Amino acid sequence: MTEDTGDMWVTVTPEASRRLLLAAVDSFAERGYHGTSTRHITAGAGMSAGALYVHYPTKADLLFQIALLVHDSVLRTLHEAVAAGTGPPQRVRALMYAFSAWHARHHRAARVIQNELGALGPEHAAQIADLRRRVREMILAEVGAGAASGDFDVADLPGAARALSSLAIDVCRWYRPEGPRTPDEIGAFYAHTAMRILGAG
């Protein structure tokens with residue numbers, strides 16, 4: 001069973017739909033989207049082979065629902081983190097802490113998103129692209145605010161924002177729960193690293 005059993009999935013009802021979605025996260029993470037059959041998903045959920053179509057029209061719809069929930073969770077997490085900050089350095093530290101720790105806690109679902117979005121159809125891909133743009137714009141806005149206030153020494157705002165985003169997202173590629181660092185320790189380290197990258201005092 002995936003470790004992603006927290007509040008990101010609680011809105012998925014009925015319970016059978018949630019079980020199928022979590023089984024899909026596991027299978028997509030282990031086998032890839034194209035290597036996963038509907039039988040893999042239903043078996044992982046402990047359900048009969050035809051059960052998937054009662055809850056999701058296609059395997060692609062399952063991937064889209066996972067992508068929606070992941071990006072909604074990321075945006076909510078970042079907004080909450082930024083809202084707690086009192087100035088640009090505090091907001092960016094909180095943002096990077098939350099963004100990096102999120103990618104550790106939800107590393108399997110995050111890896112699915114990073115590796116499998118190409119399987120989405122054009123309409124679904126456009127919706128997810130808009131959510132990803134909002135994440136990028138949020139990071140860029142916070143870095144830009146710190147540069148404008150003189151708290152950050154940044155020559156290339158888009159480049160710096162992209163570097164911070166890439167650092168946090170990459171956590172999902174290498175993080176393992178049995179590793180030496182917890183998600184909170186990773187968040188703290190990446191928050192500190194972000195300040196060094198931005199030249200904060």
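This is a chat about aromatic pairs, one helix residue and the largest pocket in a predicted model.

Trainee: How many aromatic pairs are there?

Mentor: The count is two aromatic pairs. One of them is F28 with Y33, with ring centres 5.3 Å apart and planes at 55°.

Trainee: Why is that pair called tilted?

Mentor: Planes under 30 degrees apart count as stacked and over 60 as edge-to-face, so an angle between those limits is tilted. The planes of F28 and Y33 are at 55°, so this pair is tilted.

Trainee: And F28 and Y33, buried or exposed?

Mentor: F28 is buried, and Y33 is buried too. Y33 also has a charge over its ring: the charged end of K59 sits there, 4.2 Å from the ring centre.

Trainee: What about F189 and Y190?

Mentor: F189 and Y190 form an edge-to-face pair, 5.7 Å from centre to centre, with 75° between the planes.

Trainee: How exposed is F189?

Mentor: F189 has a relative accessible area of 40%, so F189 is partly exposed. Its partner Y190 has 11%, and because buried means under 20%, Y190 is buried.

Trainee: Which charged end sits over the ring of F189?

Mentor: That of R181, which is 4.8 Å from the centre of the ring.

Trainee: Changing topic. Where is T42?

Mentor: T42 is in helix 2, which covers residues 38–44. T42 is buried, with a relative accessible area of 2%.

Trainee: What is T42 in contact with?

Mentor: Leaving aside neighbours within four places in sequence, T42 is in contact with L20, M47, S48, A49, A51 and L52.

Trainee: Now pockets. What volume does the largest pocket have?

Mentor: The largest pocket has a volume of about 410 Å³. It is lined by 21 residues, and the closest to its centre are R132, V135, R136, S165 and I169.

Trainee: Which elements give two or more residues to that lining?

Mentor: Those are helix 4 (59–83), helix 5 (88–105), helix 6 (107–116), helix 7 (122–149) and helix 8 (157–174).

Trainee: How many of the lining residues are nonpolar?

Mentor: The lining of the largest pocket has 12 nonpolar residues, along with five polar and four charged ones.

Trainee: Back to S165. Buried or exposed?

Mentor: S165 is buried, with a relative accessible area of 12%. S165 belongs to helix 8. Leaving aside neighbours within four places in sequence, S165 is in contact with F99 and I139.

Note on methods: Residues are numbered from 1 along each chain as its sequence is written. This is a predicted model: local features need pLDDT of at least 70, side-chain atom pairs count only at pLDDT 80 or more; totals for chains, interfaces and linings use all residues. Side-chain values use heavy atoms; hydrogens and water are left out. Rings of Phe, Tyr and Trp (its six-membered ring) pair if their centres lie within 6.5 Å; planes under 30 degrees apart count as stacked, over 60 as edge-to-face and the rest as tilted. Buried means under 20% relative accessible area, exposed over 50%, partly exposed in between (1.4 Å probe, protein chains only). A charge sits over a ring if NZ of Lys or CZ of Arg is within 6 Å of the ring centre and within 35 degrees of the ring normal. Helices (H or I, at least four residues) and strands (E, at least two) are DSSP runs, numbered from the N terminus. Contact means heavy atoms within 4.5 Å. On a 1 Å grid over the protein atoms alone, a cavity is a set of points where a 1.4 Å probe fits but cannot get out, and a pocket is an open set with protein on both sides within 12 Å along at least five of seven lines; lining residues have an atom within 4 Å of a point. Grid points are joined across faces, edges and corners, and a volume is the space filled by probe spheres set on the points. Ala, Val, Leu, Ile, Met, Phe, Trp, Tyr, Cys and Pro count as nonpolar, Asp, Glu, Lys and Arg as charged, and the others, Gly among them, as polar.
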